[in-house]
Amino acid sequence: MTLPLALLSSEPDEPRGLDEPERRTDGPHRPAELFLVEPLPPEPLPPEQTAPPEPELDPGLAAEGLARSVLEVLAGARDLQQLTRWVTAEVHAVLRARVQLSTRARSVIADRPVRPVLRIGTVKVARPVPGVAETVVVVHGRGRARAVAIRLEIVGGRWQASALHIL
């Protein structure tokens, strides 16, 4: 094993004022020297971090309810504010923009909001790391099936969606 090289400068690292030049030229100047140094011992690993306590609600059931609710919000049958505690601020902002678009589209064709008839199909749950569940919920509507991908994280003792995509 070769030892790493360290560059040691003879000039101290002092903060310079706005009027000072980059290097001092008022005194004797020695060139920088190279020394072989021993590597630092590895830092001790942090104590094993425990995963946050698992919420009582199964992540698959949480994803089912959230997928159904999000599609109802986009259809105009549910208020977006009902989902505030179940999604992060970023997801909420994206949903708000989509709700505005769907509301505008319904107003153009003079269509009133109707609660969609939805049937939950397949639900897949993967656990990449403790405290995180990545889910895909297939939701069947009238003449159309959609996949809703949701990343759930444990926040404050409950599942909260940190990413949500409707395919």
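**Two glutamines, a covered helix and the largest pocket**

Gln100 is found in helix 2 of this predicted model. With a relative accessible area of 47%, Gln100 is classed as partly exposed, because that class covers values between 20% and 50%. Although Gln100 and Leu74 are 26 residues apart along the chain, their C-alpha atoms are separated by 8.9 Å.

A second glutamine, Gln160, is found in strand 6, which covers residues 158–166. Gln160 has a relative accessibility of 12% and therefore counts as buried, since the cut-off for that class is under 20%. When residues up to four places away in sequence are left aside, Gln160 touches Arg85, Trp86, Val87 and Thr88, and also Arg151, Leu152, Glu153 and Val155.

These two residues belong to a protein with 2 helices and 6 strands, whose elements follow the order β-β-α-α-β-β-β-β from the N terminus on. Of the 167 residues in the protein, 25% are buried. Among contacts between residues at least 6 apart in sequence, 52% join residues that are at least 24 apart.

Helix 1 comprises 17 residues, from 59 to 75, and spans 24 Å from its first C-alpha to its last, which is close to the 24 Å expected at 1.5 Å a residue. This helix is mostly covered, with 13 of its 17 residues buried. In general, an α-helix has 3.6 residues a turn, so residues three or four places apart point the same way. At the N-terminal end of helix 1, Asp58 acts as a cap, with one of its side-chain oxygens lying 3.2 Å from the backbone nitrogen of Gly60. Just after helix 1, Gly76 takes a positive phi of about 90°.

The largest pocket has a volume of about 510 Å³. It is lined by 19 residues, of which Leu71, Ala75, Pro116, Leu118 and Arg146 are the closest to its centre. Two or more lining residues come from each of helix 1, helix 2 (89–108), strand 4 (132–141) and strand 5 (144–155). Sorted by class, the lining of the largest pocket holds 9 nonpolar, 2 polar and 8 charged residues. Helix 1, described above as mostly covered, is thus among the elements that contribute to this lining, as is helix 2, the element in which Gln100 is found.

Definitions and conventions. Residues numbered from 1 in each chain as written. Predicted model: local features only at pLDDT ≥ 70, side-chain atom pairs only at ≥ 80, totals over all residues. Heavy atoms only, no water. Helix = DSSP H or I, 4+ residues; strand = E, 2+ residues; numbered from the N terminus. Expected span 1.5 Å × (residues − 1). Buried < 20%, exposed > 50% of the residue type's maximum accessible area, 1.4 Å probe, protein only. Polar contact = N/O pair within 3.5 Å; in protein donor to acceptor, adjacent residues only side chain to side chain. 1 Å grid on protein atoms, 1.4 Å probe; cavity = no way out; pocket = protein on both sides within 12 Å on 5 of 7 lines; lining within 4 Å. Points joined across faces, edges and corners; volume = space filled by probe spheres on them. Nonpolar A, V, L, I, M, F, W, Y, C, P; charged D, E, K, R; others polar. Contact = heavy atoms within 4.5 Å.
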